[in-house]
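User: I have a structure open and would like to talk it through with you. Could we start with the surface and then work inwards?

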Amino acid sequence: MSDTAVTSPVGRALNNSLVMTARSVRLNTRNVDAIFTSLMLPIMLMLIFVYLFGGAISTGTGDPYVTYVVPGVLLLCAGFGSSGTAVGVNEDMKGGIIDRLRSLDVGGASILAGHVASSTVRNTVSTVLVLGVALLIGFRPSPTLPGALAAAGLLLAFIVAISWLAATVGLVTKSPEAAGAFSFFMMFLTYPSSTFAPIDTMPSWIHGFAYHQPVTPVIESLRGLLLNEPVGSDPWIALAWCVGILLTAMALSGRLFRNRTA
């Protein structure tokens with residue numbers, strides 16, 4: 001990047017964001033336990049449902065259960081991975097590093113963007129690994145090229161939105177342990193959805209929430225795009241949820257960061 005670009009406000013912010021991303025990536029590589037856990041939990045959950053519960057769950061599609069459950073597990077992977085972002089932001093806020101970074105003229109947006117970008121990279125790698133295990137146990141997607149690209153783009157949008165929401169959680173919570181609990185919230189959202197079983201098989205009183213929460217249209221979109229099935233308006237609804245979550249989280253995190261560092 002040229003000196004002129006770096007000295008401009010936008011160029012300086014972009015350069016700071018890249019530096020903060022590299023810092024967050026380095027910190028992640030040192031936390032092997034957290035990376036291993038965020039990888040293994042979705043994989044273990046997928047194996048448990050496919051091999052222990054899958055034979056008792058009827059999806060009404062005629063496909064193997066692994067074909068039905070994998071799209072939801074990909075979102076679970078993003079949810080587990082984003083909890084590390086919440087913990088990282090919270091530890092920064094409590095550790096005093098923020099004062100040092102602010103003295104170097106690194107803005108809050110760059111600090112948070114670094115955590116989010118690092119989370120996106122980490123979650124993307126985790127998702128690829130989970131998808132690889134799914135292929136080994138019988139998942140056979142059949143997307144068209146546009147469908148595959150749309151599925152990848154939608155999943156990436158969800159990862160970015162959830163990562164920024166996790167960064168906001170890290171600013172709100174008082175301890176890293178409380179910030180880490182974000183993964184349990186994300187895990188809960190996948191159960192009252194079409195992740196593990198069709199919503200129509202659930203009690204009628206939960207249908208309204210299950211159909212109109214953000215996870216369900218993302219899962220239905222991924223399932224349809226990966227299996228080359230009709231998706232209707234689900235991708236647009238899913239994208240609207242992702243954009244709404246992202247914009248809300250960015251606005252809230254900016255205000256929270258200013259309040260906590262004033």
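User: About how much area does the protein expose, and what share of it do carbon and sulfur atoms supply?
Analyst: This is a predicted model, and in it the protein exposes about 12800 Å², of which carbon and sulfur atoms supply 68%.

User: And how many of the residues count as buried, as a percentage?
Analyst: The protein has 262 residues, and 48% of them count as buried.

User: What about the fold, how many helices and strands are there?
Analyst: There are twelve helices and zero strands, and among the contacts with a separation of 6 or more, 79% are between residues 24 or more positions apart.

User: Switching to Gly72, which helix is that in, and is it buried or exposed?
Analyst: Gly72 belongs to helix H4, which covers residues 65-95, and it counts as buried because its relative accessible area is 0%, where the cut-off for buried is under 20%.

User: What does Gly72 touch, leaving out residues up to four places away in sequence?
Analyst: With those left out, Gly72 touches Thr195 and Ile219; in addition, the C-alpha atoms of Gly72 and Glu220 are 8.7 Å apart, although the two residues are 148 apart in sequence.

User: Where is confidence lowest, and where is it highest?
Analyst: The mean pLDDT of the protein is 82, with 87% of residues at 70 or more, while the lowest confidence is in helix H1 (residues 3-7), at a mean of 48, and the highest is in helix H11 (residues 215-227), at 93. Over residues 1-6 the pLDDT stays under 50, and the model has eight contacts beyond four places in sequence for that stretch.

Note on methods:
Residues numbered from 1 in each chain as written. Predicted model: local features only at pLDDT ≥ 70, side-chain atom pairs only at ≥ 80, totals over all residues. Heavy atoms only, no water. Helix = DSSP H or I, 4+ residues; strand = E, 2+ residues; numbered from the N terminus. Buried < 20%, exposed > 50% of the residue type's maximum accessible area, 1.4 Å probe, protein only. Contact = heavy atoms within 4.5 Å. Areas by Shrake-Rupley, 256 points an atom, 1.4 Å probe, with all protein chains shown as cover. pLDDT = per-residue confidence, 0-100.
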